Amino acid sequence: VSSVRTFHEDVRSALGGRHVVTDQDLTASHCIDWTRRWHGSTPAVLRPGSTDEVAEVVSAARRHHVALVPQGGNTGLVGGATPLAGEVVVDLRRLDRLDPVDAAARQVTVGAGVPLATVHAHVAPASLAFAVDLGAREQATVGGMVATNAGGIHVVRNGPMRVQLVGVEAVLGTGQVLVANMAGLEKDNTGYDLPALLCGSEGTLGIITAARLRLVARPEMVAAALVGFDSVDDAVWAASTLRGEPAVVAIELMTADGLAVVADFLQQSVPLLPVPAAVLLVEAAGRGDVTAALGDAVAALPGALDAAVSDDAAGRERLWRWREGHHEAAAALGVVHKADVTLPTGALARFVMAAPALVERVAPGSTTLVYGHAGDGNVHVNVVGPKPDDDSVVDAVLAAVLERGGSVSAEHGIGVAKRAWLVRQRGEVAVTAMRGIKSALDPDNICNPGVLLP
Ligand SMILES: Cc1cc2nc3c(=O)[nH]c(=O)nc-3n(C[C@H](O)[C@H](O)[C@H](O)COP(=O)(O)OP(=O)(O)OC[C@H]3O[C@@H](n4cnc5c(N)ncnc54)[C@H](O)[C@@H]3O)c2cc1C
């Protein structure tokens, strides 16, 4: 206790008392995650406003042996930003630097605390776009997205966060400030790729303070379509075909069962009636008439039954609501158990069809929604029914994924939720290598000690 008190004194003098928050009414929202599955407690939430202040916090934590949990928008879905063992929370949202867009390099440097939607808005006037997009865009921060190597709806065309990350600035667990390729060189073949290493490290190696991001051309036209199919098999086959269409930037899969839950939540009818067994949401973007290109691509798909197409912003948003509503519709039913998995392309359709029956065997009477980024082989199995601390359903789903050669985490990361699965997924040699990296960069184990490594 005395050591924590001394730590508090140190951080108060570094950050100013206003940014060391100890009032439990104010810290409470930092101690529970978006899914409400993970609850913790914290003696303080620290709000550093600069890289130097983050470095002071980490150095004080080393001196006083205090564990830190970095937190951005707190939208992560695997418990990685929740202080489950009474850690001190470091809220990074005051790191809100927004440098001018470097149009010549097609890059921008932003602070770790900047929300994704702000990045989108910031680069748009330069006719550029940031390639990553996801449902939690208003809250999720660049730091959190780098730390989790976030994926989202455009991975099928542009890849995940790691592909967009040119450079990174971070305070390592040693307290040292690492500046890795923040000049934005497109080619720099001088040893280990440290931005890539920090991307996906889930706050276990240090605290990301800024990122240099790659940008893409802002599309002049965007069109979206909901396309119905008689079977999941047909929809998954169509998703593979659509990946070959250069204008297609998103391919999302939904099933009739999930759409029924969303329809109840939205109090609306599904735009395709009768509701097909499987539906793809396809988005095309680019120059010229992408609506026609999308229409032609959809019309050529074997098994496509019916389609609702829109090329204006409000209409597209209405179509996307059916896909993005899955998260909220499930959350409105209760605590959601989430398995975010990837399957090899050839195993995806069977897995999607088998998942509800698998869940029913383990937790009879549950509600199961299976949906996701079909273009990447990534589906989310969301289950409502089992008690919050009952892992049996997720364990059964993850075991089935491993048997089929998939991954137990496609894009949300390991967090605390999937730590027990890391060795089975990656093998002893890889996990030992990860431990070696962790002890080199965070020798006192103060950075998110309860996360990622078993
Ligand atoms: C509605 C909804 C839709 C979503 N859709 C997607 C999706 O399509 N694809 C996808 O990949 N994810 C998705 N997510 C999950 C989530 O938005 C991402 O994981 C996002 O990257 C988390 O960002 P955050 O700022 O909220 O991070 P947090 O939740 O605050 O933290 C996540 C992890 O990163 C660490 N961390 C946070 N900031 C830093 C930092 N500056 N330095 C070091 N470590 C840090 C935390 O300790 C934690 O381990 C969704 C979530 C919701 C609620």
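**Sheet, ligand site and internal spaces of the predicted model**

In this predicted model, four strands build an open sheet of mixed pairing, arranged in the order E1-E2-E4-E3. The edge positions belong to strand E1 (20-21) and to E3, and each of these has a single partner strand, so one side of each lacks a neighbour in the sheet. In general, the strands of a sheet pair through backbone hydrogen bonds, in either a parallel or an antiparallel manner. E1 and strand E2 (residues 45-46) run antiparallel and are joined by two bridges. Within this pair, Val21 has Val45 of E2 as its bridge partner.

Strand E3 (68-71) also takes part in the surroundings of the ligand, since the elements that each supply at least two residues to the shell are E3, helix H5 (142-148) and strand E9 (206-214). H5 makes the greatest contribution to this shell, with five residues. The residues around the ligand number 36, and those that come nearest are Pro70, Gly72, Thr75, Gly76 and Thr141. By class, the shell consists of 20 polar, 14 nonpolar and two charged residues.

Polar contacts to oxygen atoms of the ligand come from both backbone and side-chain atoms. For Gly73, a backbone N or O atom is placed 2.8 Å from a ligand oxygen. For Gly80, a polar backbone atom is 3.2 Å from an oxygen atom of the ligand. In the case of His373, an N or O atom of the side chain lies 3.4 Å from a ligand oxygen. On its own the ligand has 980 Å² of accessible area, and 97% of that area is covered by the protein.

The second largest pocket, considered next, holds about 840 Å³ of space. Its lining comprises 36 residues, and Asn149, Arg162, Cys199, Gly200 and Arg426 are the ones that lie nearest the centre of the pocket. At least two lining residues are supplied by each of helix H8 (194-198), helix H15 (422-426) and helix H16 (428-441). Of the elements that line this pocket, H16 gives the most, namely five residues. The lining of the second largest pocket divides by class into 17 nonpolar, 13 polar and six charged residues.

Enclosed space was also examined. Three cavities of 30 Å³ or more are present in the structure. The volume of the largest cavity is about 50 Å³. Val236, Ala239, Ser240, Arg243, Thr345, Leu348, Ala374, Gly375, Asp376 and Gly377 line this largest cavity. Helix H9 (232-243) and helix H13 (345-362) are the elements that give two or more residues to its lining. H9 provides the largest share, four residues. In the lining of the largest cavity, four residues are nonpolar, four are polar and two are charged.

Two points of backbone geometry remain. Most peptide bonds are trans, and most residues other than glycine have a negative phi. The bond between Leu273 and Pro274 is a cis peptide bond, with omega of about -5°. Pro274 sits in the loop that links helix H10 (256-266) to strand E13 (278-286). Arg36, a residue other than glycine, has a positive phi, near 65°. This residue belongs to the loop between helix H2 (24-27) and E2, and E2 is the strand that pairs with E1 through two bridges.

Technical notes: Residues numbered from 1 in each chain as written. Predicted model: local features only at pLDDT ≥ 70, side-chain atom pairs only at ≥ 80, totals over all residues. Heavy atoms only, no water. 1 Å grid on protein atoms, 1.4 Å probe; cavity = no way out; pocket = protein on both sides within 12 Å on 5 of 7 lines; lining within 4 Å. Points joined across faces, edges and corners; volume = space filled by probe spheres on them. Nonpolar A, V, L, I, M, F, W, Y, C, P; charged D, E, K, R; others polar. Near = heavy atom within 4 Å. Polar contact = N/O pair within 3.5 Å; in protein donor to acceptor, adjacent residues only side chain to side chain. Areas by Shrake-Rupley, 256 points an atom, 1.4 Å probe, with all protein chains shown as cover. Pairing = 2+ DSSP bridges.
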